[in-house]
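Trainee: I have a new structure to look at and I'd like to practise reading it. Could we go through it together?

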Protein chains: 2
Amino acid sequence: MSLLHSNLLNGLNFSGGPGVLPESVLQQVQDSILAVPEVGLSILGISHRSDWFATVVAELEDNVRQLLKLPKNYHVLFLQGGATQQFSMLPMALLAGKTHPAEYLHTGYWSGKALPEARREGPVRVVWSGESCGFGRLPADEELDFHADAPYIHYVSNETVEGLQFHRVLGRDDVPRICDMSSDFLSAPGDFERFSMIYAHAQKNIGPAGVTVVVVKEELLKDTPDNLPGFLDYRTQIETHSIYNTPPVFSIYVVLLVTRWLRDQIGGLAAMDAINTRKAETLYQALDESNGFYAGKAARADRSKMNVSFNLPTPALEAEFIASALAAGFSGLAGHRSIGGIRASLYNGLELSAVEKLADFMANFRSHHLPLVAGVGKGNH
Amino acid sequence: MSLLHSNLLNGLNFSGGPGVLPESVLQQVQDSILAVPEVGLSILGISHRSDWFATVVAELEDNVRQLLKLPKNYHVLFLQGGATQQFSMLPMALLAGKTHPAEYLHTGYWSGKALPEARREGPVRVVWSGESCGFGRLPADEELDFHADAPYIHYVSNETVEGLQFHRVLGRDDVPRICDMSSDFLSAPGDFERFSMIYAHAQKNIGPAGVTVVVVKEELLKDTPDNLPGFLDYRTQIETHSIYNTPPVFSIYVVLLVTRWLRDQIGGLAAMDAINTRKAETLYQALDESNGFYAGKAARADRSKMNVSFNLPTPALEAEFIASALAAGFSGLAGHRSIGGIRASLYNGLELSAVEKLADFMANFRSHHLPLVAGVGKGNH
C-alpha cells in the first residue's frame with residue numbers, strides 16, 4: 001500500500017463514523033505509534049499517570065474550552081462508552097428520583113435511542129416526535145412547549161442517520177439545556193454558554209472511537225446522587241481530570257492533535273464552519289440540480305452540514321451507485337442500516353476537493369442512468 | 001526521533017501500564033494508521049459496521065478462545081471502561097438482590113478497589129484480607145473457607161501494585177469463579193475452563209488502554225436482571241458481538257494483532273510462559289543476589305512473574321536509582337503511587353534482553369552505592 005494510494009482512499013472516505021481524520025493528524029499519529037516526539041516512547045506504552053499525559057489532558061481541556069469559548073466553570077471530561085453511556089449516565093445523575101419529567105426531543109434515530117435509557121432512570125416527557133413524519137424534518141419553535149419545572153431538556157443537535165441539523169438553540173434559559181452533539185461537535189461556532197452540558201463521542205469530527213468528550217457546567221451537578229459507581233459519577237471524573245481509572249490514552253492524544261489542527265491549521269471554528277458550509281452547499285447543489293434523481297431526505301430548512309442523506313429512484317440504482325462509487329475510490333456512502341439509501345458524511349477531516357469529486361461523480365452517474373430511469377416509466381422505448 | 005532511538009526506549013519500557021507492546025506489532029499498527037492493508041483506509045476511519053471489522057471481531061474472539069483453550073460456550077467480549085467498569089458491571093449482573101454474599105479476596109490494591117463497588121450492589125463477604133500483613137503475601141489454602149451458597153467468588157490473579165501472583169486456581173468448583181486477570185492475561189497457560197468469567201483490560205499484556213476483554217460462560221448469565229442499561233448488560237453485548245454501540249475499533253484491532261503475534265511468532269501461551277519465566281527469574285535473581293540491597297516486597301512463594309516490586313535501603317537511593325535508570329534508557333520503574341519504591345513490569349511485550357540489561361544495571365548501581373550505604377551505618381569512614 002503506497003502512501004499515495006492510501007491518501008487517495010482516506011481522502012474520499014465519506015463514512016458516517018468512525019470518520020475520516022485530517023491527513024496531517026494521521027501523520028503525527030503514525031509517528032507517535034513508535035515514539036511520541038517529546039517522550040521517546042510509543043503512545044501505546046506511556047503511563048496515564050505520567051507528567052506528560054497530565055499535560056496532554058490539561059492542554060486538551062483548555063483547547064476545547066477555548067474553541068467553544070467557554071469559561072472555567074465548564075469542566076471538560078474524556079470518558080469511555082460513547083454517547084450511549086451518556087444516554088444512561090446523564091439521567092442517573094440528574095433524573096433518578098425526580099417528580100417532574102425531563103424533556104426529550106425525538107427527532108431521529110439517535111435521539112430515539114436516548115429515550116428508553118432515560119426512562120429507565122426517571123420520568124420523561126417527549127416534547128415533540130418526528131416519528132409520524134418519518135423524521136423528514138425538525139420542529140418549528142411554535143410546535144415546542146417546554147416546561148419550567150423540568151430537571152433538564154435533552155436534544156440531539158445533528159441527527160447523523162437522517163441528516164437533520166438544528167440551526168438554532170432550543171429550549172428555555174431557566175431549564176438546564178443538554179445536547180448530544182456527537183456528530184457536529186467542533187464543526188462550527190455557537191452559543192455554547194447557553195448549554196449546561198454538551199457531550200460528543202469522538203469518532204465523527206474529532207478523533208477515533210473510544211473516547212467521549214463531556215463539557216459540563218459546574219453548577220449542574222450540585223445535587224447529583226452520592227451512590228453512583230465512580231466511573232459513572234461526573235463529579236469523580238471532574239475531581240480526577242478524567243483519570244479516575246486508566247483512560248483511553250491513545251484516543252485522547254489523537255483528539256488533542258485534532259484540536260491543535262483546528263486551532264492552528266484551520267484557524268478555529270468559524271473558519272471550520274466556512275469550509276463545512278461550502279462542502280455542504282456543493283453536495284446539496286448536486287442534489288438540487290439533479291431534478292429529483294438524487295432525492296434528499298431532510299426538509300431544506302433542517303439540512304445537516306455534516307450528513308447528507310438521499311435516495312436514488314430505485315434500490316437497485318442505489319446499490320449500483322454505491323458499487324460504482326466504491327470502484328471510483330469513494331467509500332462509506334451506504335446509508336445507515338436502519339433506513340438504507342445513501343449517506344455522505346462531510347465531517348471536519350474531509351476536504352472540499354473530495355466533495356467536489358463526489359459531486360462530479362454524481363453528475364456523471366446520473367447522466368449515464370437517466371435515460372434508463374426515464375425508460376422505466378415509459379415502457380422501455 | 002530515529003527508529004533506532006525509539007526502539008531502544010520502547011524496548012526498555014518497564015511501565016506498570018499502559019505497558020510496552022511487541023515491536024513487530026507496533027510496526028503493523030503504524031502501517032494501519034495510514035491504511036489497513038486489506039482495506040486501504042486508516043484504521044481510525046473504518047466503520048465498526050463494516051464487513052471487515054466483523055471479521056476482526058470474529059477472528060479475535062476465536063484467537064482468545066483458542067489461546068485459552070476454551071470451548072464455544074464461552075463468549076468473548078470487548079468492552080470499554082477498564083477493569084473498573086467490571087468491578088460494577090459484574091455485581092450489577094450477579095449480586096443485586098441476592099441474599100447470600102459474594103465472596104471476595106482482598107489481596108492488594110486492585111482487589112481492594114473491587115470491594116466498595118461490589119458492596120454498592122449487594123452483600124459481600126471478604127474471605128481473606130492481606131491488609132494486616134501489608135499485602136506482603138497471599139493466603140494459603142488452609143486460610144480460605146469458601147461457602148457453597150455464594151453467588152460467586154472473585155479474586156485478582158496478579159496484584160500489579162504489590163507484585164503478588166496466585167500460582168494456582170482458588171475457590172470451589174460448585175461456585176462460579178470469577179477472576180480479574182488484567183495484569184497476567186494471556187501470559188501463561190492455565191485451567192481456564194474452571195472459571196465462569198475472566199476479565200482483563202488490555203493495557204498490560206495485550207493492547208492499548210481503552211478495551212477490556214471479558215470471557216464469560218453462557219450459563220453464568222441465565223438469571224441476570226433485564227433492567228440494566230444496554231451497555232452494562234453482558235447479554236446485550238454477547239448478542240451484538242461487542243458492537244452494541246460503537247466499540248473502540250483501533251484498540252480491538254491492536255489486540256487482534258497481539259493475539260496473532262502470540263500465536264504465530266511466540267507459539268502460544270506455553271511458549272510465552274517460558275519466556276516470561278526466564279525474565280522473572282533473571283530479575284528475582286538480581287534481587288536475591290543483592291544481599292538485601294534490593295529487597296523484594298512479595299513473599300517468595302507468591303512472587304509475580306509480571307510485576308517485580310522492591311525497595312532500596314533508603315527513599316533517597318530509590319529516587320537516585322530511578323533517575324539513573326532513566327538516564328540509561330530504562331523507563332517506568334517508579335513504584336505505584338500508593339506504595340512507592342520500585343516496580344519493574346515484565347509484560348509479554350518486554351524482551352528477555354531488556355531484563356538482562358536491567359539486571360546488569362542493577363548490579364552496577366549496587367556496586368557503586370554499596371560502600372556509601374555501608375558507610376551510613378558505620379559513621380562515614
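Trainee: At what angle do helix α3 (residues 51-68) of chain A and α7(A) pack?

Mentor: Keep in mind that this is a predicted model. The axes of α3(A) and α7(A) are 9 Å apart. The angle at which the two helices pack is about 45°.

Trainee: What do we call the way α3(A) lies to α7(A)?

Mentor: Start from the packing angle of about 45°. Angles under 35 degrees count as roughly parallel, and 65 to 115 as roughly perpendicular. The angle fits neither group, and that makes α3(A) to α7(A) oblique.

Trainee: Which residues of α7(A) meet α3(A)?

Mentor: On the α3(A) side, look for Phe53(A), Val56(A), Val57(A), Glu59(A), Leu60(A), Asn63(A), Val64(A) and Leu67(A). By class, the contact has 12 nonpolar, two polar and two charged residues. From α7(A) come Val249(A), Ile252(A), Tyr253(A), Val255(A), Leu256(A), Thr259(A), Leu262(A) and Arg263(A).

Trainee: Over in chain B, is the crossing of α3(B) past α7(B) left-handed or right-handed?

Mentor: The axes of α3(B) and α7(B) come within 9 Å and cross at roughly 45°. The two helices are therefore oblique to each other. As for the hand, α3(B) passes α7(B) in a crossing that is left-handed.

Trainee: OK, now both chains at once. By what turn can chain A be laid on chain B?

Mentor: The fit gives an RMSD of 0.0 Å, with a shift of 0.0 Å along the axis. That is the relation of a two-fold axis. The turn that goes with it is 180°.

Trainee: Which residue of chain A has the C-alpha nearest the axis?

Mentor: Find the two-fold axis and then look along chain A for the C-alpha nearest to it. That atom sits 2.7 Å from the axis, and it belongs to Gln30(A).

Trainee: How many residues does the contact take from chain B?

Mentor: Of the interface residues of chain A, 100% are also interface residues in chain B, so the copies meet through the same surface. Chain A gives 56 residues to the contact. From chain B, the contact takes 56 residues.

Trainee: And how many charged residues are on the side of chain A that touches chain B?

Mentor: The elements giving two or more residues to that side are α1, α2, α4 (82-94), α5 (109-121) and α7 (249-266) of chain A. By class, that side has 23 nonpolar and 29 polar residues. The charged ones number four.

Trainee: Let's try a sheet. Which strands stand at the edges of the open sheet in chain B?

Mentor: Three strands make up this sheet, in the order β10-β11-β12, and the pairing is antiparallel. An edge strand has a single partner, so one side of it is left without a neighbour in the sheet. The strands at the edges are β10 (295-296) and β12 (342-345).

Trainee: Which residue in β11(B) is the bridge partner of Ala295(B)?

Mentor: β10(B) and β11(B) pair over two bridges. Helix α8 (residues 269-288) of chain B lies across all three strands, β10, β11 and β12, at about 15° to β11(B). The bridge partner of Ala295(B) is Asn311(B).

Trainee: Last one: which residue does a cis peptide bond join to Gly17(A)?

Mentor: Look in the loop between α1 (3-11) and α2 (23-34) of chain A. Omega of the cis bond is about -10°. In chain B, a cis peptide bond joins Gly17(B) and Pro18(B). In chain A, the partner of Gly17(A) is Pro18(A).

How values were computed. Residues numbered from 1 in each chain as written. Chains lettered and ligands numbered in written order. Predicted model: local features only at pLDDT ≥ 70, side-chain atom pairs only at ≥ 80, totals over all residues. Least-squares fit on C-alpha atoms with pLDDT ≥ 70 in both. Contact = placed C-beta atoms within 7 Å. Axes fitted to C-alpha atoms, helices over the stretch in contact; angles between N-to-C directions. Helix = DSSP H or I, 4+ residues; strand = E, 2+ residues; numbered from the N terminus. Parallel < 35°, antiparallel > 145°, perpendicular 65-115°, else oblique. Left-handed = near helix turned anticlockwise from the far one by under 90°. Pairing = 2+ DSSP bridges. Nonpolar A, V, L, I, M, F, W, Y, C, P; charged D, E, K, R; others polar.
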